[in-house]
Amino acid sequence: MSQKSEKLIDKKGLRLDGRKPNELRPIKIEVGVLSNADGSAYIEQGKNKILAAIYGPKEVHPKHLALPDRMILRCRYHMAPFSVQERKSPAPSRREIELSKVIREALEPAIFLEYYPRTAIDVFVEVLQADGGTRCASITAASLALADAGIPMKDLVAACAAGKVDDTIVLDLMDTEDKIGAADVPVALMPNLDAITLLQMDGTLSLEEFEQAVNLALEGCRKIYAMQKEALKARYVNVKEVEE
Amino acid sequence: MSLKSYKEKSGQFVLPGERLGVIEEFIPNSGTYVKSGVIYSKIVGRALLDFLNKRVSVYPLVHGAKIPRVGSIVLGQVSSVQSENAAVRIFKIGNKLLSGFFTGILHISDVQLRYVESMYDVCKPGDILRAKVISEKNRTYHLSTKDKNLGVVYAFCSQCGYMLASKKQNMYCPRCGKIEKRKITIDYGKGIV
């Protein structure tokens, strides 16, 4: 795991891309980018480029999958063949199937599923370019797309990862840090309700380090939430003014 | 919070999950939900704080997430017709086009006020139909066309597929001359789907 051939943090305490340990990558979020979808969002987090689209609520087919008391959330996380260095097979891999489930479970607590019984809602997450931390960026984008689709939600979901690199706890790991580093802790948060909807850990951390990493990730989530808010505001407040 | 800060809050842009107040000061209205005594917004919109009636609601800036409800006017394509029933694929609710579709059923007793002999005289597969949802019992949307602006808006010839033209009581095909029957709306062939 810890390959020390390359130093991930230099003497000044800066990371490979010149960030401080508690600094996020530059993030650009846009809402309502796809006209055919009911709701959509696009996020660029460092070199990550991710599109999220929502379709629904719609009738469930085959009908036996429908639930009588609530709607079902179907999620597909998919990486484009050109999203990584080596061509990725477009068929859903084991990892993509797992991430689809993880993203679905991170979004489910934020939605009023019981408002639309016997229907389904489809969430499509397409990773156009991947550079570590795509699951978090996907959750961030998908929750914005849900809000853009006008689906009643308890809260938005913002997600961010923290981890350990060269014995330092750092925020928002990129691909190389994720691969060479010691641990990775992705966290998804509903900021207003102060509830965590996703918490995973990959690698080894001591109890103190884990707590430190989670707190750093939560701090990152709150920063991302502020950006989500700005993105929705830019979409709806400015558009309104132009129309009037 | 002082009254001044509340005044500033009214008309403010809010997101799902944004805190609007507590149940002791406001009655939660549309676009809001209550969790452990605190009122939050559940949609993207503008917060409206009504101090006279002590109500708080969120005016939606996003219009989405529509499903058929009792009373909504829907537009759909007839997918199959039996002697007493017709199945309709609903693709538009009000003026919102759906990305998927819902299935509704039109029963012969809900077609018109007067007696209707056969469903085949009402619509045929492929026709575009405007109807009203009258019930959602047994997990199916029951439709009705008992109104002069409800019924078939576009009909197609069962022989050649050309769009039918209305002629007095009947419908006729300008291409092959076939005479058919439909329950049409008053704006037949004029409306934009």
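# Reading a two-chain predicted model

The domain assignment of chain B gives domain 1 (3-60) and domain 2 (73-180), the bounds coming from an automatic or database domain assignment.

Reader: What should I know about the model and its numbering before I begin?

Author: This is a predicted model, in which local features need pLDDT of at least 70 and side-chain atom pairs count only at pLDDT 80 or more, while totals for chains, interfaces and linings use all residues. Residues are numbered from 1 along each chain as its sequence is written, and chains are lettered from A and ligands numbered from 1 in the order in which they are written.

Reader: What separation is there between the centres of domain 1 and domain 2 of chain B?

Author: Taken over C-alpha atoms, the centres of domain 1 of chain B and domain 2 of chain B are separated by 43 Å.

Reader: How do I read strand pairing, and which strands does S8 of chain B pair with?

Author: Strands of a sheet pair through backbone hydrogen bonds, either parallel or antiparallel. Helices (H or I, at least four residues) and strands (E, at least two) are DSSP runs, numbered from the N terminus, and two strands pair if DSSP finds at least two bridges between them. In chain B, strand S8 (residues 73-81) and strand S9 (residues 85-93) pair in the antiparallel sense over 7 bridges, and S8(B) and S9(B) form a hairpin with 3 residues between them. Within that pairing, B:Gln77 stands opposite B:Arg89 in S9(B). S8(B) is also joined by 5 bridges to strand S11 (residues 128-135) of chain B, and these two run antiparallel, with B:Gly76 opposite B:Leu129 in S11(B).

Reader: Which strands are at the edges of the sheet S14-S15-S16 of chain B?

Author: This open sheet of 3 strands in chain B has the order S14-S15-S16 and antiparallel pairing. Its edge strands are strand S14 (165-167) and strand S16 (179-180) of chain B, each of which pairs on one side only. Strand S15 (residues 170-172) of chain B is joined to S16(B) by 2 bridges, and B:Tyr172 stands opposite B:Ile179 in S16(B).

Reader: How should I read the packing of helices H1 and H2 of chain A, and why are they called oblique?

Author: Axes are lines fitted to C-alpha atoms, for helices over the stretch in contact, and angles run from 0 to 180 degrees between N-to-C directions. Angles under 35 degrees count as roughly parallel, over 145 as roughly antiparallel, 65 to 115 as roughly perpendicular and the rest as oblique. The axes of helix H1 (residues 94-107) and helix H2 (residues 134-148) of chain A come within 10 Å and cross at roughly 50°, and H1(A) and H2(A) are therefore oblique to each other. Residues making the contact include A:Leu99 and A:Val102 of H1(A), together with A:Ile139 and A:Leu146 of H2(A); here two residues are in contact if their C-beta atoms, placed from the backbone, lie within 7 Å.

Reader: How many residues of chain A are in contact with chain B, and which element gives the most?

Author: On chain A, 30 residues are in contact with 25 residues of chain B. H4(A) gives the most to the side of chain A that touches chain B, with 6 residues.

Reader: Where in chain A is the backbone unusual?

Author: Most residues other than glycine have a negative phi, and most peptide bonds are trans. The peptide bond from A:Gly56 to A:Pro57 is cis, with omega near 0°, and A:Pro57 lies in strand S3 of chain A. Another cis peptide bond joins A:His61 and A:Pro62, where omega is about -5°. A:Asp166, although not a glycine, has a positive phi of about 50°.
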